[in-house]
Amino acid sequence: MADSMDSTRGSYVTPESDEDRGSEDNFCPSKLGTKEYWDEVYERELETFRDIGDVGEIWYGEEMMSHILRWMDKAQIPEHVAILDIGTGNGALIVELAKHGYTNILGVDYSAVSVELARSLLETKGITGVTVSQMDFLSCFGELRGFDVCIDKGTFDAISLNPDKTEEAKGRYVQALRDALKEGGFFIIASCNWTKDQLLQRFSEGFEFVQEFPTPCFRFGGKTGSSVTALTFKRLH
């Protein structure tokens, strides 16, 4: 999936079966796992936004954001709850959350340029009361706590692609998530690298699977696979 993501920034190119997609054994490091890559991406997107007002690509598309918002409506998530957007990118999701009525939103990203872009988008949309902070989620060391909902669209994927100490980083991600999320809080993750079974295994300790979101399926070469896996978990004691 690394090559596909390099060319499309998360879009799906050649359908794979779940058994082919995201194998731990053949998971290749990629520049998509580096901060330098994302700084360059958001530098270009910030320049484009300043020139023509285009915020850039919405990671996993508007349909995924709609799935998330519909699930939150169905789960009757109150508008005042504390929401953390992990790896906020261009800020498209936090804008939609705010427009949907949520009032206690924090977006974090380790790219300073991403934070500048997200803040610019919020200002342009006239949205106030949403906080965006430069922060490495893997190094927050307990700074992020008390969230009712944590959302990740692609950040765990990028961490998994990092060439350095990948397994350690994935373990730190899970620990940081446990620290940030309240007991009984919800974690929503969308991934184009990991299958449902792999995510269930990765987040088996301290989390309970709640629901899988519908995502597009394709048939290719006699195999059926999904482009994106999107799951909701509940934080246990």
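This passage describes the fold, the largest pocket and several individual elements of a predicted model.

The protein has 237 residues, and 54% of them count as buried. Its secondary structure comprises eight helices and nine strands. The exposed surface amounts to about 11,200 Å². Carbon and sulfur atoms supply 46% of that area. Contacts often span long stretches of sequence: among those between residues at least 6 apart, 76% join residues at least 24 apart.

Empty space was examined next. Rolling a probe the size of a water molecule over the atoms shows where such space is left. The largest pocket holds about 690 Å³. Its lining consists of 36 residues. Closest to the pocket centre are Trp38, Asp109, Tyr110, Thr155 and Ala158. Helices and strands both contribute to this lining. The elements that give two or more residues are α2 (35-52), β1 (82-86), α4 (92-99), β2 (104-109), α6 (155-161) and α7 (166-180). By residue type, the lining of the largest pocket divides into 15 nonpolar, ten polar and eleven charged residues.

Helix α4, one of the elements that line the pocket, was considered in more detail. Six of its eight residues are buried, so α4 is largely enclosed by the rest of the structure. The buried residues are Ala92, Leu93, Ile94, Val95, Leu97 and Ala98. They pack against both helices and strands. The helices in contact are α3 (61-74) and α5 (112-124). The strands are β1, β2, β3 (130-134) and β4 (147-153). Thus β1 and β2 pack against the buried residues of α4, and both strands also give residues to the pocket lining. After α4 comes Gly101, whose phi is positive, near 115 degrees.

Strand β5 covers residues 181-191. Eight of its eleven residues are buried, so β5, too, is largely enclosed by the rest of the structure. Two pairings involve this strand. With β4, β5 pairs in the parallel sense over six bridges. With β9 (residues 229-235), β5 runs antiparallel, and six bridges join the two. Phe187 takes part in both pairings: its bridge partner is Cys150 on one side of the account, and Phe233 of β9 stands opposite Phe187 in the other. Strand β4 also packs against the buried residues of α4.

Two further residues illustrate contrasting surroundings. His67 is found in helix α3, an element against which the buried residues of α4 pack. With a relative accessible area of 12%, His67 is buried, because it falls under the 20% cut-off. Leaving aside residues up to four places away in sequence, His67 touches Phe213 and Pro214. Thr215 is 148 residues from His67 in sequence. In space, the C-alpha atoms of His67 and Thr215 are 9.2 Å apart.

Gly129 lies in the loop between α5 and β3. Its relative accessibility is 58%, over the 50% cut-off, so Gly129 counts as exposed. Ile105 is 24 residues away from Gly129 along the chain. The C-alpha atoms of these two residues are separated by 7.9 Å. The elements that flank the loop of Gly129 are α5 and β3, and both pack against the buried residues of α4.

How values were computed:
Residues numbered from 1 in each chain as written. Predicted model: local features only at pLDDT ≥ 70, side-chain atom pairs only at ≥ 80, totals over all residues. Heavy atoms only, no water. 1 Å grid on protein atoms, 1.4 Å probe; cavity = no way out; pocket = protein on both sides within 12 Å on 5 of 7 lines; lining within 4 Å. Points joined across faces, edges and corners; volume = space filled by probe spheres on them. Helix = DSSP H or I, 4+ residues; strand = E, 2+ residues; numbered from the N terminus. Nonpolar A, V, L, I, M, F, W, Y, C, P; charged D, E, K, R; others polar. Buried < 20%, exposed > 50% of the residue type's maximum accessible area, 1.4 Å probe, protein only. Contact = heavy atoms within 4.5 Å. Areas by Shrake-Rupley, 256 points an atom, 1.4 Å probe, with all protein chains shown as cover. Pairing = 2+ DSSP bridges.
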